[in-house]
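User: Please take a close look at one part of this structure, the packing of its helices, and describe it in a connected account. Please also set that part in the context of the chains as a whole.

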Amino acid sequence: MSQPSLLHVSGLSYRLHSRQLLDDINVEIQPGELVGIIGPNGAGKSTLLKCLIDFLPASDGQIRYNGKALHELTHQQRALEVAYMAQHPEASFPFSAAEVIALGAENRRQITPLSPQLLNQQITVIARELQIEPLLQRKITELSGGERQLVHFARVLMQQTPLLLLDEPSSNLDIGHETWLMQRLKSHCAKANSALIALHNLTTAATFCERLLFIAGGRLIASGKPEQVLTEARIAEHYHQQVIVAPHPVTGTLTVMPVQNTNVRFK
Amino acid sequence: MLNVDRLPRSIRLSLGIFAVLLLLLAYLSFGAIQLPVAEILQVLKLTLSGSFEQAQQAYPKTAAILVHIRLPRAIAAMLTGAALALAGACMQGLFRNPLASPDILGVSAGSSLGAVIAITTGMSLIHPLMIPLFSITGALLTAGLVYLIALRTASQRQLLFLILTGLALSSLLNGAVSATLLMARQYEISQFIFWTMGGLEGRLWPHVLWPAPFLLVIGLISLRQSTALNLITLGEENAHGMGLNVKQHRQKTLLLSASLTALAISIGGPIGFIGLMVPHLVRLIIGPDHRKLLPIAAITGSCFVLLADLLGRCLLAPHEIKVGIITSVIGGSYFIYLIARIQKQGATL
C-alpha cells in the first residue's frame, strides 16, 4: 500500500438539532498540498474545519490523519498531527505576542522538552519570516485585527504539525499582508507540509491554492483545480451574484470579478 | 524609583518572603492586647521545638494568646485569602473575563442556605463546626446542581449557561434563605447576619485544622491548571486545536474553584471581593501568565486578608471590625479607582 494521505475524510456528516450542517463530505489531502475551502456564508466551511479537529463531534463518517483514526487519537496526539486557527483571533488577556506564539509550542514541549533559549530562538525565526518582529513585545489586546491574525498564524506554525487547518486567516489582512501570508503558506507546503484553508476571497483562493473544495449547504459541490471549480454558472448559482471569471492577462491566474447591479439574496 | 523588575529573581523572592513574615509577625503582635515581638519569637521557638509547657511557664500570657487565639486565626486568614484569590484567578482565566468571581456557580447562596439551616435548626448550638459543615454542604450541592443543569447545553455554550443557571439558582436559594429567616428568632437572625458579613473572630484550631489539608491539596492541583488556563485565553477552539481537552479542563477547574471557595467560606464566611479583586490587581502588576499569576495571587490573597483582619482588630481596639467589612470597603474603593483610571487614561480592564 502507498503512503497514507495526511488527511482522509470519508462520509463526514454533522447534524445539530436535526439540521444537517454537513452532509457526506469526502476529502483527501496529500503531503505538500495547499487546498482551499470556498463557499458562501453559512455553507459549512468553519463547521467542516471544527469537525476535522473534533471540536464538533462528527455525526457520521471517518476522519484519518496519516492513517490513524481521529477518534483513536488523544487530544495531545491529535495536536501533533494537525494545528488549527480559529476564525476570530480572540484575545482576552494582555499576553505579549511572543507569549501567544510560545503557546503554540506547549503541546510538543510536553513530549520533547524545549529549553527557553531554544523556544525564544524558534519564535524569533518565525517572527522574522512573517516580518512581525516589531510586534513581539506588544500586547495582543492592543494589536489590530490583522496583526493579531499574523500572530496567531505564527502560533499555529510553532505547533510544527504536518497539516494546518486555517479558518479565514486573512479576513482582516490588507492585500500586502494577505499575499505575504499566502506566500508563506505556499512555501510552508512546499516542504511536504499541507494546509486546508477556508477563504472568502475567490481570487486569492484561485491564485494560491492548487486545489479548491466548493461547499454549499453543507455539501461538497465541486472539488479540483481552480479552473475546474470556479465557473461563472456555479458561483452565480450558489453565491447569488453574477461574476466574470477570467484569467489575468499578465499572470494567467484566475480572477473573479463581480458584475454590478445584481442583488445578493439571502436564502 | 526602585524598579523591582530589574532585581534578580532570588532577591525578589527573598524580599517577598521577608514582607510576608513581617506582616505575619505584625498580625501576631498587634491587637486588643499587644504582644512583644521578642516574646512571640521565643514562644514560637519553644513551641516548635516541642516544649510548649516551658513557653507557657516563661510567658504565660503571650503563650496563651499566641498559640490558642492569634495563630489559628492568622492561619484561618491566610487560608481563606489564598483559597479565594486562587479560585478567582482560575475562574477569571476559565471564563476569559478579568472580572469573573469565584461565586459564579452559586456557591455563596448555597453556603448561606446551609448556614441559615444550621442556625435556625439549632444545630449550630450543638457544635461550633456545624455552621462550617452545613455551609460547605450547601455550597457544594449548589455548585453541583448548577453544573448538572448547565451540562445539558452544547459544550460551546456551556459557560454562558453556567452563569445563567448560577444566577437563577442563587436567586432561588436567597429567596429560601429570606423565607427561613422570616420564621427565625431574633437572635438567630442576628447570628446569621453576622455570619454573612464574613469574619474570623473566634476561629480556633478546629476551625482551620480540618479544612487545611483539603485546601492544600486542592490548591496544589489548581496551580497545575496554569498552562491549560493560558491556552484557554486564546479561545476554546484554539485551545482545543493546541491539544487541550477543553471539556475536561473546564470540569476540573470548576470543581477545584468551587471547592476552594466553599472551603474558604466555611472558615471565614463569605468574605467579599477577594476572589475578584486580588487576581485582577496581581494581573495588572505581573501580567496574565497563569504560571506566575496563580501562585502570586494566592500569596497576595493570604496577605491581603491578614492585613485586612489586622486592621479590623486594631482600628477600634478593643472592638473589632469584621474582616468582611474591611475587604468590602477596600474592594469598593478599588473599583472606583479602576473606573477613574479607565476614564482618564483609556486603560483596559
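Analyst: In this predicted model, residues 104–123 of chain B are 75% helix and 0% strand, with the C-alpha atoms at the two ends 28 Å apart. For residues 129–150 of chain B, the helix content is 95% and the strand content 0%, and the end C-alpha atoms lie 32 Å from one another. Both stretches appear in an unreviewed UniProt entry under "transmembrane region"; the entry also lists residues 74–95, 159–184, 204–223, 254–281, 293–311 and 323–340 of chain B.

The packing in chain B can be followed from helix H14, which spans residues 246–268 of chain B. Helix H7, residues 130–150 of chain B, packs against H14(B) at an angle of about 155 degrees, and the two axes are 8 Å apart. Because angles over 145 degrees count as roughly antiparallel, H7(B) is roughly antiparallel to H14(B). H7(B) and H14(B) cross in a right-handed sense. On the H7(B) side, the contact consists of Pro132(B), Ser135(B), Ile136(B), Ala139(B), Leu140(B), Ala143(B) and Tyr147(B). Facing them in H14(B) are Gln251(B), Leu254(B), Ala258(B), Ser259(B), Ala262(B), Leu263(B) and Ser266(B). By residue type, this contact of H7(B) with H14(B) comprises 10 nonpolar, 4 polar and no charged residues.

H14(B) also packs with helix H11, residues 211–223 of chain B, at about 150 degrees and with the axes 10 Å apart. H11(B) and H14(B) are therefore roughly antiparallel as well, but here the crossing is left-handed. H11(B) contributes Pro211(B), Phe214(B), Leu215(B), Ile218(B), Gly219(B), Ile221(B) and Ser222(B), while H14(B) contributes Leu256(B), Ser259(B), Leu260(B), Leu263(B) and Ile267(B). The residues of this contact divide into 9 nonpolar, 3 polar and no charged. Ser259(B) and Leu263(B) of H14(B) thus meet residues of H11(B) and also residues of H7(B).

Chain A offers a helix pair for comparison. An unreviewed UniProt entry places the annotation "domain: ABC transporter" on residues 7–242 of chain A. That stretch is 38% helix and 25% strand, and its end C-alpha atoms are separated by 34 Å. Within chain A, helix H5 (residues 116–129) packs with helix H6 (residues 145–158) at about 130 degrees, with the axes 10 Å apart. H5(A) and H6(A) are therefore oblique to each other, and their crossing is right-handed. Leu119(A), Gln122(A), Ile123(A) and Ile126(A) of H5(A) make the contact with Ala154(A), Leu157(A) and Met158(A) of H6(A). This set holds 6 nonpolar residues, 1 polar residue and no charged ones.

Finally, the two chains contact each other through 25 residues of chain B and 28 residues of chain A. About 2,400 Å² is buried between them, and carbon and sulfur atoms account for 62% of that area. Of the area that chain B buries against chain A, Leu234(B), Glu237(B) and His240(B) supply 26%, more than any other three residues.

Terms used
Residues are numbered from 1 along each chain as its sequence is written. Chains are lettered from A and ligands numbered from 1 in the order in which they are written. This is a predicted model: local features need pLDDT of at least 70, side-chain atom pairs count only at pLDDT 80 or more; totals for chains, interfaces and linings use all residues. Side-chain values use heavy atoms; hydrogens and water are left out. UniProt positions are given in the numbering used here, feature names are shortened, and annotations may be inferred rather than shown by experiment. Helices (H or I, at least four residues) and strands (E, at least two) are DSSP runs, numbered from the N terminus. Axes are lines fitted to C-alpha atoms, for helices over the stretch in contact, and angles run from 0 to 180 degrees between N-to-C directions. Angles under 35 degrees count as roughly parallel, over 145 as roughly antiparallel, 65 to 115 as roughly perpendicular and the rest as oblique. A crossing is left-handed if the near helix is turned anticlockwise from the far one by less than a right angle, and right-handed if clockwise. Contact means heavy atoms within 4.5 Å. Ala, Val, Leu, Ile, Met, Phe, Trp, Tyr, Cys and Pro count as nonpolar, Asp, Glu, Lys and Arg as charged, and the others, Gly among them, as polar. Buried area is the accessible area (1.4 Å probe) that two parts lose on being put together, summed over both.
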